[in-house]
Amino acid sequence: MNEESKPGYRDPFLWVPTSYLAMGLIYVTVSGVANIMFKNLGMDNAKAAFWSSLFILPYTLKPLWAPVVELYKTKKFFVLTMQFFLTGMVVATALSLRLPGNSYMVPLLVLLALTGILGATQDMASDGVYVTTLNPAEQAKYLGVQSMCWNAGPILANGVLVRASGMLHKESGSWNQAWMVVLLMIAGLMGAMAVYHVRMLPPGSKAPDAPKSVAEGLRSFAHAFTTFFQKKDILLMVLFAFFFRFGYGFLEKMGPLFMIDSRANGGLGLSNESLGDINGMFGTGAFMAGSILGGLFVSKLGLKRTLLTLCLCMNVPNAVFVYFSYALPDSYALIATAVTIEKFFWGFGAVGLMIYMMQQVAPGPYRTAHYTFGSALMGLNMMLTGMLSGKVQEMLGYRTFFIGVLIAAIPSILVTLYAPFHHPDSAGPGAAKQDGNAAPAC
């Protein structure tokens, strides 16, 4: 690791876990937690899904202001600035719930939107600290820790804190009061990590190819964007990146809302406590296990041979929600087991997209930028399908909607069958990096 960074920390285990926990916590707060909170506060499915999906727009657009993080101060400065601002922003969001009547709704939406912008900037700066402080071997060594701790954010937010919201509601009788306390808990965690990072987070160093001015940064971005669309079969790659998770994009927002919706409305009528356990802790844990095993599956057999299997693993288990919508089971054990299995296979299949972008989309000049563009397409799909999902569900009802989710797997299967492979199937991130000086595939 860089010698100049050593005085800022004793060991990466002292800052990598907390950095990525903070990133995952804020992302899930503005997307998943906000979705459930809106439902509890009386917002209909269409509006809850729309707004909680729109809040992730900054995570899709963040490459546009990435050069600013490279130009000024240190990456640690940006991380700390964002984390302290995020602490204050989440406190303000919590306090907005004390406004009388429904007058809190507009401030709540504005504050959560600003939280998304700050969270996306924190992500860029934290990733920058990671990749410029650790050498490639160390980056690979701590990659599992990084991923595990990011996913601890969803477990904490969608699991522990959603459960806490239900318990607090039982005590107070007010969803506003319950969610205010939960948001203050999130703010407290962010504030504690910000203070901790003042001492423990290394400063990060400038990337060797970092732009030296805004104009240079814009030129570099424009060239990276142009060369991305000069890649061979780029249209098929773009379609693959956008549509691979198409069906799940509709399910992500509606699944939790269906589970807590009343049986009179066709939902399962679960409490927030049950949803937190099933979707947050069991489900996220199963997703992590599936992701690990999916990666091992691909590493053994190769991506080209396994990509269709991964696609089917991600889509077929969505039939669980079709069954739920017709049978409306009341067995907690059955619901928990079925959702856990569905989440496991979702994690198992989802690795296909990430590995494809590393192996086939990213290689060439601007490898990091091109991977980011692919990730942005993936995020754009999740945002747009999430924004539409509530309206579609209200038009069709839960039963027909979940059948539609299965039908939405057809585009995923088609783009998988036609996904081009122009680089060696065995090429991992390291191999792709070695290709960084090669000419773009035209």
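A residue counts as buried when its relative accessible area is under 20%. In this predicted model, serine 126 comes in at 3% relative accessibility, so it counts as buried. Serine 126 sits in helix α6, which covers residues 105-133. Setting aside its neighbours within four places in sequence, serine 126 is in contact with Tyr20, Met23 and Val79.

Helix α6 is also home to threonine 115. With a relative accessibility of 1%, threonine 115 falls under the 20% cut-off and therefore counts as buried too. Its contacts, not counting residues up to four places away in sequence, are Ile26, Val30, Leu86, Met89, Val90 and Thr93.

Now for the nonpolar cores. The largest one has 104 residues, and among these Phe38 and Met259 touch the most other members. The top contributor to this core is helix α16 (residues 332-361), which hands over 13 residues. Apart from the largest core lies another one, made up of 16 residues, including Val69, Val79, Tyr130 and Tyr142. Val79 turns up in this core, and Val79 is also one of the contacts of serine 126.

Back to Met259 for a moment. Once its neighbours within four places in sequence are left out, methionine 259 is in contact with Leu268, Gly269, Leu270, Leu275, Ile278, Phe321, Ile335 and Val339.

Next come the pockets. The second largest pocket has a volume of about 240 Å³. It is lined by 13 residues, and those closest to its centre are Thr60, Phe225, Phe373, Ala376 and Leu377. Three helices, α3 (57-61), α10 (214-228) and α17 (367-407), each put at least two residues into the lining of this pocket. Of the contributors, α17 gives the most, with 4 residues. Sorted by class, the lining of the second largest pocket comes out as 12 nonpolar residues, 1 polar residue and no charged ones.

Finally, there is helix α18, running over residues 409-417, where Ala409, Ser412, Val415 and Thr416 are buried. Where do these residues lie around the axis of α18? They span an arc of only 130° around the axis, which means that they are on the same side of α18.

How values were computed. Residues numbered from 1 in each chain as written. Predicted model: local features only at pLDDT ≥ 70, side-chain atom pairs only at ≥ 80, totals over all residues. Heavy atoms only, no water. Core = buried A, V, L, I, M, F, W, Y, C linked by side-chain atoms within 4.5 Å. Buried < 20%, exposed > 50% of the residue type's maximum accessible area, 1.4 Å probe, protein only. Contact = heavy atoms within 4.5 Å. 1 Å grid on protein atoms, 1.4 Å probe; cavity = no way out; pocket = protein on both sides within 12 Å on 5 of 7 lines; lining within 4 Å. Points joined across faces, edges and corners; volume = space filled by probe spheres on them. Nonpolar A, V, L, I, M, F, W, Y, C, P; charged D, E, K, R; others polar. Arc of directions from axis to C-beta.
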